[in-house]
Amino acid sequence: MKHIRQINSVNTNTYTIVLLDNYNGIIENHPIFNAFPNTFEISENELPDFVQYVSFEIEELKTIITNKNNESI
């Protein structure tokens, strides 16, 4: 199953994936990648037995991205 996972949770008992219920775009374009670069990646591996989920509101991610962009100006 294709999913977005938190990189540092791989091979741990806290494998973390992003819920995509509130996102209907292309997974590769999810705003999580701009909001938290180098933290999440796309995986097509099978999910382990234990998984925890994290959910972000798309508008919240857009605000984080805007704030980061404003800080770099």
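Arg5 is buried, with a relative accessibility of 11%. In this predicted model, Arg5 forms a salt bridge with Glu41, and the closest N and O atoms lie 2.7 Å apart. The pair links distant parts of the chain, since Arg5 sits in strand 1 and Glu41 in strand 3 (residues 40-43), 36 residues apart. Glu41 is partly exposed, at 26% relative accessibility.

The count of salt bridges comes to three. They are listed here with their closest N and O atoms.

| Acidic residue | Basic residue | Closest N and O atoms |
|---|---|---|
| Glu41 | Arg5 | 2.7 Å |
| Glu28 | Lys2 | 2.6 Å |
| Glu59 | Lys62 | 3.7 Å |

Glu28 and Lys2 form a salt bridge with the closest N and O atoms 2.6 Å apart. This pair also links distant parts of the chain: Glu28 belongs to the loop between strand 2 (16-18) and helix 1 (32-35), while Lys2 lies in the segment before strand 1 (3-6), 26 residues apart. Glu28 is partly exposed, with a relative accessible area of 39%, and Lys2 is partly exposed at 38% relative accessibility.

The salt bridge between Glu59 and Lys62 has its closest N and O atoms 3.7 Å apart. Glu59 and Lys62 are separated by about one helical turn, because they are three residues apart in helix 2 (residues 58-71). Glu59 counts as exposed, at 52% relative accessibility, because the cut-off for exposed is over 50%. Lys62, at 43% relative accessibility, is partly exposed.

Technical notes: Residues are numbered from 1 along each chain as its sequence is written. This is a predicted model: local features need pLDDT of at least 70, side-chain atom pairs count only at pLDDT 80 or more; totals for chains, interfaces and linings use all residues. Side-chain values use heavy atoms; hydrogens and water are left out. A salt bridge is a side-chain nitrogen of Lys or Arg within 4 Å of a carboxyl oxygen of Asp or Glu. Helices (H or I, at least four residues) and strands (E, at least two) are DSSP runs, numbered from the N terminus. Buried means under 20% relative accessible area, exposed over 50%, partly exposed in between (1.4 Å probe, protein chains only).
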